[in-house]
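Got your viewer open? Let's take a walk through this one, stop by stop.

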Amino acid sequence: MPYTLHRIFIFLAFLLGLSTMAQAQLVKRVGLHVGAATPIGNFKHDRFEDEYPPMARRGVNVQAAYRVEVKPYLAIGATAGFRFNSFDLNAFASPDDVLVLRREASGWKSTYALADLYLQSPSSSLFGFVKGSLGAAYNKSPEVQVDTSFGPIRRTSDSAAALAYGLASGFAIQQGRFLLTVEVGVLGTRPTFEVMDAQGGKSTLKQPMHTVTSMLGLSYTL
């Protein structure tokens with residue numbers, strides 16, 4: 001395991017241990033968050049002058065979260081999530097192109113675990129927060145296959161782990177034991193994939209996979 005990822009997992013374990021030590025007197029919440037993941041920067045590029053344009057489309061992001069309020073203005077937690085962005089196959093090979101005989105593609109995928117730190121206004125029925133996150137992601141690039149009258153065009157898929165981070169802000173509404181949250185932020189990771197060119201030669205590609213995430217969550221207070 002790369003040294004950087006090793007340090008991240010130690011940091012995650014430290015935060016989880018910290019929450020466990022004081023959990024008898026702290027407010028604890030578990031929740032599910034669902035929303036959209038919109039590619040930004042290089043991740044949304046569809047320029048054919050790039051050798052490997054990512055051509056990522058807007059996708060979905062799903063998270064399970066655990067959160068412990070240490071102080072009225074401070075909380076820590078952990079998040080496990082999955083993000084999926086489809087490959088823009090229509091831009092890569094138009095369905096109206098008479099030279100295209102068959103086409104298919106998988107999507108960009110990230111499975112991640114993050115340690116979270118919240119700064120928030122004192123808890124009440126309505127409060128705001130900002131959240132910083134750090135962890136690791138296991139990422140997978142899409143496999144693309146397009147058969148044409150002149151031969152096949154193919155991109156092979158590859159998997160790679162990388163540092164992941166997030167920054168978000170939002171607000172929360174408390175109703176009894178339930179907490180409804182709305183947040184907007186950025187989720188980023190930059191894995192290194194092994195790619196193959198048309199002649200079968202292999203090279204490495206450091207691919208940013210950054211998205212703007214818009215999330216709606218529902219948590220239960222334990």
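Start by selecting threonine 213: does threonine 213 count as buried or exposed? Threonine 213 counts as buried, because its relative accessibility is 6%. (Buried means under 20% relative accessible area, exposed over 50%, and partly exposed in between, using a 1.4 Å probe and protein chains only.)

A quick word on what you're looking at. This is a predicted model, where local features need pLDDT of at least 70 and side-chain atom pairs count only at pLDDT 80 or more, while totals for chains, interfaces and linings use all residues. Residues are numbered from 1 along each chain as its sequence is written, and side-chain values use heavy atoms, with hydrogens and water left out.

**Stop 1: around threonine 213**

Keep threonine 213 selected and show what it touches. Leaving out residues up to four places away in sequence, threonine 213 is in contact with Ala36, Asn61, Glu183, Val184, Gly185, Val186 and Leu187. (Contact means heavy atoms within 4.5 Å.) Threonine 213 belongs to strand β13, residues 211-221. (Helices, H or I with at least four residues, and strands, E with at least two, are DSSP runs numbered from the N terminus.)

Now slide along to leucine 218, also in strand β13. Leucine 218 counts as partly exposed because its relative accessibility is 46%. Its contacts, again not counting residues up to four places away in sequence, are Val30, Gly31, Leu32, Phe178 and Leu179. Try a distance too: leucine 218 and alanine 64 are 154 residues apart in sequence, and from C-alpha to C-alpha they are 10.0 Å apart in space.

**Stop 2: the barrel**

Zoom out and switch to a cartoon view. The protein chain has 13 strands and two helices. Which strands close into a barrel? Going round in order, they are β1-β2-β3-β5-β6-β9-β10-β13, eight strands with antiparallel pairing. (Two strands pair if DSSP finds at least two bridges between them.) On average, neighbouring strands of this sheet are turned by 25° against each other, direction ignored. (Axes are lines fitted to C-alpha atoms, for helices over the stretch in contact, and angles run from 0 to 180 degrees between N-to-C directions.)

Walk round part of the barrel:

- Select β1 (residues 27-39) and β2 (residues 59-71): they run antiparallel, joined by 11 bridges. Look for valine 27, which stands opposite glutamate 69 in β2.
- Add β3 (residues 74-86): β2 and β3 are antiparallel and joined by 11 bridges. A hairpin of two residues links β2 to β3, and lysine 71 stands opposite leucine 74 in β3.
- Finish with β5 (residues 107-120), which pairs with β3 in the antiparallel sense over 13 bridges. Alanine 78 stands opposite alanine 115 in β5.

**Stop 3: the loop between β1 and β2**

Select methionine 55, which is found in the loop between β1 and β2. Methionine 55 counts as buried because its relative accessibility is 1%. Check its backbone as well: phi of methionine 55 is near 50°, a positive value in a residue other than glycine. Most residues other than glycine have a negative phi.

**Stop 4: the open sheet**

Next, select β4, β7 and β8. These three strands form an open sheet in the order β4-β7-β8, with antiparallel pairing. β4 (100-105) and β8 (151-155) stand at the edges with a single partner strand each, so one side of each has no neighbour in the sheet. Neighbouring strands of this sheet are turned by 5° against each other on average, direction ignored. Strand β7 (residues 144-148) runs antiparallel to β8, with five bridges joining them, and aspartate 147 stands opposite proline 152 in β8.

**Stop 5: the cavities**

How many cavities of 30 Å³ or more does a search of the whole structure find? The search finds three. (On a 1 Å grid over the protein atoms alone, a cavity is a set of points where a 1.4 Å probe fits but cannot get out, and lining residues have an atom within 4 Å of a point. Grid points are joined across faces, edges and corners, and a volume is the space filled by probe spheres set on the points.)

The largest cavity holds about 150 Å³ of space. Select Tyr52, Ser141, Arg155, Thr156 and Val195: of the 14 residues lining the largest cavity, these lie nearest its centre. Strand β11 (residues 192-196) gives the largest share of that lining, four residues.

Notes: 1 Å grid on protein atoms, 1.4 Å probe; cavity = no way out; pocket = protein on both sides within 12 Å on 5 of 7 lines; lining within 4 Å.
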